[in-house]
Amino acid sequence: MNRKTWRVALLGTTLVSLTACTQLSESEPISQKTTDTVPAETTSNQLSNDYYRALIVDGKYQTSQNRGVSLNLNSSINMKDFESELLDISKNVFSTDEYFFQEGQIITADTATEWLGRKSEDNPNGLNPEGNGETDPDKRIPIYLSQILEQNYMIQTEKGFELGGIAIGLAMNATDYYSVKNEQELINNYEQELNQETVIENAKKYGNEIVSRLRSVEGLGDIPIVVGIFVQSEQDSLAGGLYTHEGLSSSGNKIEEWVERNDKKVLFPNSVESEDASHFANFKNEIQEFFPNLSGVTGVGRYSNSQLQSLEINIMTQFYGVTEMIAFTQQVTDAATQYLPQQAAIQIKIQSIDGIEAFLSRNQGSQTFNFHIFE
């Protein structure tokens, strides 16, 4: 199915207050704790239309109610992509010129922990399946849902800022990593490969259940809710995971339609013969001839509908002199301009053991690189 773009109209949207923080529960009536709209400010500068302006309440940025729970995935790359790519999905529904961003204020840390747990008599609200006591990867019932991320999208009214939309990210495991303590009190680590179709099937079920639970909160009955399904990459993958499906619930207790996203990530260099792989190989060869003592040159390309949208390149160096770095950055810029595809956004990080030495970027369709050398 082709990717669909949704846009939520402001008129006629039911609103709830800025600080609607609720302890959600299924086993007992939901306790309501909704306050009146409070005055707030926004960041005065919007870097570009690609970014939301953030809400500032009482001079402070409001962090997520469950941030310590929601951003604990199996790699830092997955953590970054889980959060940033949910923003990209949300832009198709909540435009950056009409909505303002606030981290999730509805699902608390305790609630998120409860939902991420296995379903049991002690935890009837757990979304993951009840365990069977097995530790063998061939027999064990796995953990499918790893994390839940909430983002709030606010609109401005005469009284202040009010909730206009919610985005929920579901981080699903492609591989379930778990540890078991043996009789000698030693820790054994295991990996359990999961069936992709089963992962997506469960993710859709969890998404609908979370929408239903959020609808139980007073004032959230008609708030648009976007849900994205993110499948994590392996722990040692440099490419990171992907959002595979997205859906919108304008009202009602479930997603109206799940749309498959035709996205993929490709790690360069690779053995696949393609025009983009050839471009990257030419770029890599050019800069390695200029400075043969590079530790490594890798890239991650992101594709949508088979078209390269962005390319992030990481170059590890073994030299540290300022003059060397200036010369090398100039050479990288020349090689990137000559060999890398122009239709894709490009980011290049040049690093040493001391950290980032230089950074280059070029917008999609542009021919000019911006750069900064950290002297």
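**Exercise 1. The surroundings of Thr317**

Leaving aside its neighbours within four places in sequence, which residues is Thr317 in contact with? Locate Thr317 and state whether it is buried or exposed.

*Solution.* The model is a predicted one, in which local features need pLDDT of at least 70 and side-chain atom pairs count only at pLDDT 80 or more, while totals for chains, interfaces and linings use all residues. Residues are numbered from 1 along each chain as its sequence is written, and side-chain values use heavy atoms, with hydrogens and water left out.

Step 1. Contact means heavy atoms within 4.5 Å. With neighbours within four places set aside, Thr317 is in contact with Leu294, Ser295, Met325, Phe328, Ile350, Gln351 and Ser352.

Step 2. Thr317 sits in the loop between S15 and helix H6 (322–339). Helices (H or I, at least four residues) and strands (E, at least two) are DSSP runs, numbered from the N terminus.

Step 3. Buried means under 20% relative accessible area, exposed over 50%, and partly exposed in between (1.4 Å probe, protein chains only). Thr317 has 3% relative accessibility and therefore counts as buried.

Step 4. One of the contacts of Thr317 is Ser352, a residue of strand S16. Ser352 is buried because its relative accessibility is 5%. Its side chain makes a polar contact of 2.5 Å with the side chain of Glu357. A polar contact is a pair of N or O atoms within 3.5 Å; within protein, one must be able to donate a hydrogen and the other to accept it, and residues adjacent in sequence count only if both atoms are side-chain atoms.

**Exercise 2. Strand S16 and its sheet**

Describe the pairing of S16 on either side, then place S16 in its sheet.

*Solution.* Step 1. Two strands pair if DSSP finds at least two bridges between them. Strand S15 (residues 307–316) and S16 (residues 345–352) are parallel, with seven bridges. Ile315 has Ile350 in S16 as its bridge partner, and Met316 stands opposite Gln351.

Step 2. S16 also pairs with strand S17 (residues 355–362), here in the antiparallel sense and over seven bridges. Gln347 is opposite Ser361 in S17. The connection from S16 to S17 is a hairpin of two residues.

Step 3. The sheet is open, has six strands in the order S13-S14-S15-S16-S17-S18, and is mixed in its pairing. Strand S13 (263–268) and strand S18 (370–373) are the edge strands, each pairing on one side only. On average, neighbouring strands of this sheet are turned by 15° against each other, direction ignored.

Step 4. Helix H5 (residues 275–290) lies across S13, strand S14 (296–304), S15 and S16, and runs at about 155° to S14. Axes are lines fitted to C-alpha atoms, for helices over the stretch in contact, and angles run from 0 to 180 degrees between N-to-C directions.

**Exercise 3. Helix H4**

Check the span of helix H4 and find what covers its buried residues.

*Solution.* Step 1. The expected span of a helix is 1.5 Å times one less than its number of residues. H4 (residues 196–215) has 20 residues and should therefore span 28 Å; its end C-alpha atoms are 29 Å apart, which agrees.

Step 2. At the start of H4, a side-chain oxygen of Asn195 comes to within 3.1 Å of the backbone nitrogen of Glu197.

Step 3. The buried residues of H4 include Val199, Ala203, Tyr206, Ile210 and Leu214. An α-helix has 3.6 residues a turn, so residues three or four places apart point the same way.

Step 4. The cover over the buried residues of H4 includes helix H3 (109–116) and strands S6 (145–156), S7 (161–172) and S11 (242–249). Leu248 belongs to S11 and is buried because its relative accessibility is 5%.

**Exercise 4. Backbone details in two loops**

Describe the backbone at Pro269, Asn305 and Ser306.

*Solution.* Step 1. Pro269 is in the loop between S13 and H5. A cis peptide bond links Phe268 to Pro269, with omega about -5°.

Step 2. Asn305 is in the loop between S14 and S15. Its phi is near 50°, a positive value in a residue other than glycine. At 42% relative accessibility, Asn305 counts as partly exposed.

Step 3. Ser306 lies in the loop between S14 and S15. Ser306 is not a glycine, yet its phi is positive, about 70°. With a relative accessible area of 59%, Ser306 is exposed.
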